[in-house]
Amino acid sequence: MKLLEDGMAVLRGGNKLEQALEIKAKRDEIEEEVKSLSQKDFEDVDEDHLKLFHLLNATTTLQMAQCGLVEEEKHSSIVYAEEHADVLFEDGGANFFKMWKEAVGKAALEQEKRKEMERAIKDGDIDGQMLVLKNLMETMDIAQNDRRIEQGLPPIQFESHFHNTKLDDELFQPCPPKPDCPICFLPMPRRDECCYQPCCGKSLCDGCVFAHRDAKDDLGVENSCPFCCDPVPTTDEERFKKTEKR
């Protein structure tokens with residue numbers, strides 16, 4: 001049940017989205033204040049404060065993405081950070097943009113799965129809801145292992161999520177095709193028209209079994225398996241021993 005609760009919490013967004021919206025509101029408010037400055041006031045702002053403003057803006061946008069909120073168009077703060085990475089970041093923005101890429105990818109995945117879950121809930125598709133959660137959890141496991149590998153740690157062997165859950169498409173998929181008779185290579189008939197050989201474990205069509213038996217009778221020799229030529233057992237005890245021996 002905890003797995004289901006964790007998965008649903010991710011899809012709902014919960015407090016994360018509320019926090020992201022609050023961060024966005026504060027960022028937009030600061031941007032409006034800066035835009036309202038006159039040209040003279042803006043020129044009076046020293047370079048360090050301007051750099052701090054752009055760095056704060058970019059970091060705020062990153063926090064929004066880490067909380068699951070990604071804007072359709074790349075925000076101006078990220079564009080500015082890309083253009084002035086050498087000035088804003090000591091490492092040229094390598095660490096920042098790595099976190100940005102991970103956050104955007106995860107947020108986009110959560111938004112996509114959230115839409116799929118909403119459609120499944122609207123349609124009353126229980127199997128669809130379970131499948132969305134299963135795919136989401138597997139993707140999160142892969143992402144966790146990717147981070148461990150980057151840190152030089154061995155990957156974790158995760159248990160399969162919902163391994164006891166059989167979806168309709170797994171339960172009611174068509175039966176595999178019947179094998180051909182290993183002697184005549186024709187498709188096997190119905191179960192009551194074929195014969196299992198305990199000596200070699202092969203299932204043969206009745207036509208091959210009867211034809212072989214009739215040929216043996218005509219020659220006046222002991223009947224044998226048409227496939228492996230082992231003598232045919234005549235009692236249940238002999239059949240059991242042959243089967244057990246195999």
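This is a short talk on the fold, the nonpolar cores and a few side-chain pairings of one protein chain.

Okay, hi everyone. Before anything else, keep in mind that what you see above is a predicted model.

Let's start with the whole chain. How many helices and strands does the protein chain have? There are eleven helices and two strands. If you walk along the sequence, the pattern reads α-α-α-α-α-α-α-α-α-β-β-α-α. So that you can find them: the two strands come after nine helices, and two more helices follow them. The chain has 246 residues, and 28% of them are buried. The exposed surface comes to about 17,400 Å², with carbon and sulfur atoms supplying 54% of that. Then there are the contacts: take those between residues at least 6 apart in sequence, and 53% of them join residues at least 24 apart.

Here is one pair of residues that sit well apart along the chain. Glutamate 102 is in helix 7, and its C-alpha atom is 9.1 Å from the C-alpha atom of alanine 143, although 41 residues separate the two along the chain. Is glutamate 102 buried, partly exposed or exposed? It's partly exposed, because its relative accessibility is 38%, which falls between the 20% and 50% cut-offs.

Now for the inside. Which residues make up the largest nonpolar core? There are twelve: Ala58, Leu62, Ala65, Ile78, Ala81, Ala85, Leu88, Phe89, Phe96, Phe97, Trp100 and Ala103. Helix 4, helix 5, helix 6 (85–88) and helix 7 (94–123) each bring at least two residues to this core. Helix 7 gives the largest share, with four residues. There's also a second, separate core of five residues, and among them are Ile23, Met64, Cys67 and Leu69.

Try clicking on isoleucine 78, one of the twelve in the largest core. If you leave aside its neighbours within four places in sequence, isoleucine 78 is in contact with Ala58, Thr61, Phe96, Phe97 and Trp100.

Two of those contacts are phenylalanines, which brings me to the rings. The count of aromatic pairs is three. In one of them, phenylalanine 89 meets phenylalanine 97 edge-to-face, at 6.1 Å centre to centre and with 70° between the planes. Why does that angle count as edge-to-face? Because the planes are over 60 degrees apart. Phenylalanine 96 also pairs edge-to-face with phenylalanine 97, this time at 5.1 Å centre to centre and 90° between the planes. Put together, Phe89, Phe96 and Phe97 form one aromatic cluster. And why do we call phenylalanine 89 buried? Because its relative accessible area is 12%, and buried means under 20%. Phenylalanine 96 counts as buried too, because its value is 7%.

Buried doesn't have to mean nonpolar, though, so have a look at histidine 75. You'll find histidine 75 in the loop between helix 4 (47–66) and helix 5 (76–83). Histidine 75 counts as buried because its relative accessibility is 12%. Not counting residues up to four places away in sequence, histidine 75 touches Arg27, Glu31, Asn57 and Thr61.

Arg27 leads to my last topic, the salt bridges. There are three of them by count. Lysine 24 forms one with aspartate 28, with the closest N and O atoms 3.0 Å apart. Both of these residues lie in helix 2 (residues 15–35), four residues apart, and that's about one turn of the helix. Arginine 27 also meets aspartate 28 in a salt bridge, at 3.1 Å from N to O. How exposed are these residues? Lysine 24 is partly exposed at 24% relative accessibility, and aspartate 28 is partly exposed at 24% as well. Arginine 27, on the other hand, counts as buried because its relative accessibility is 2%.

The remaining bridge is between lysine 74 and glutamate 82, at 2.9 Å from N to O. Lysine 74 is partly exposed at 46% relative accessibility, and glutamate 82 is partly exposed with a relative accessible area of 39%. As for shared partners, salt bridges join Lys24, Arg27 and Asp28 into one network.

That's my tour, so please jump in with questions.

Key: Residues numbered from 1 in each chain as written. Predicted model: local features only at pLDDT ≥ 70, side-chain atom pairs only at ≥ 80, totals over all residues. Heavy atoms only, no water. Phe/Tyr/Trp six-rings, centres within 6.5 Å; stacked < 30°, edge-to-face > 60°. Buried < 20%, exposed > 50% of the residue type's maximum accessible area, 1.4 Å probe, protein only. Contact = heavy atoms within 4.5 Å. Core = buried A, V, L, I, M, F, W, Y, C linked by side-chain atoms within 4.5 Å. Areas by Shrake-Rupley, 256 points an atom, 1.4 Å probe, with all protein chains shown as cover. Salt bridge = Lys/Arg side-chain N within 4 Å of Asp/Glu carboxyl O.
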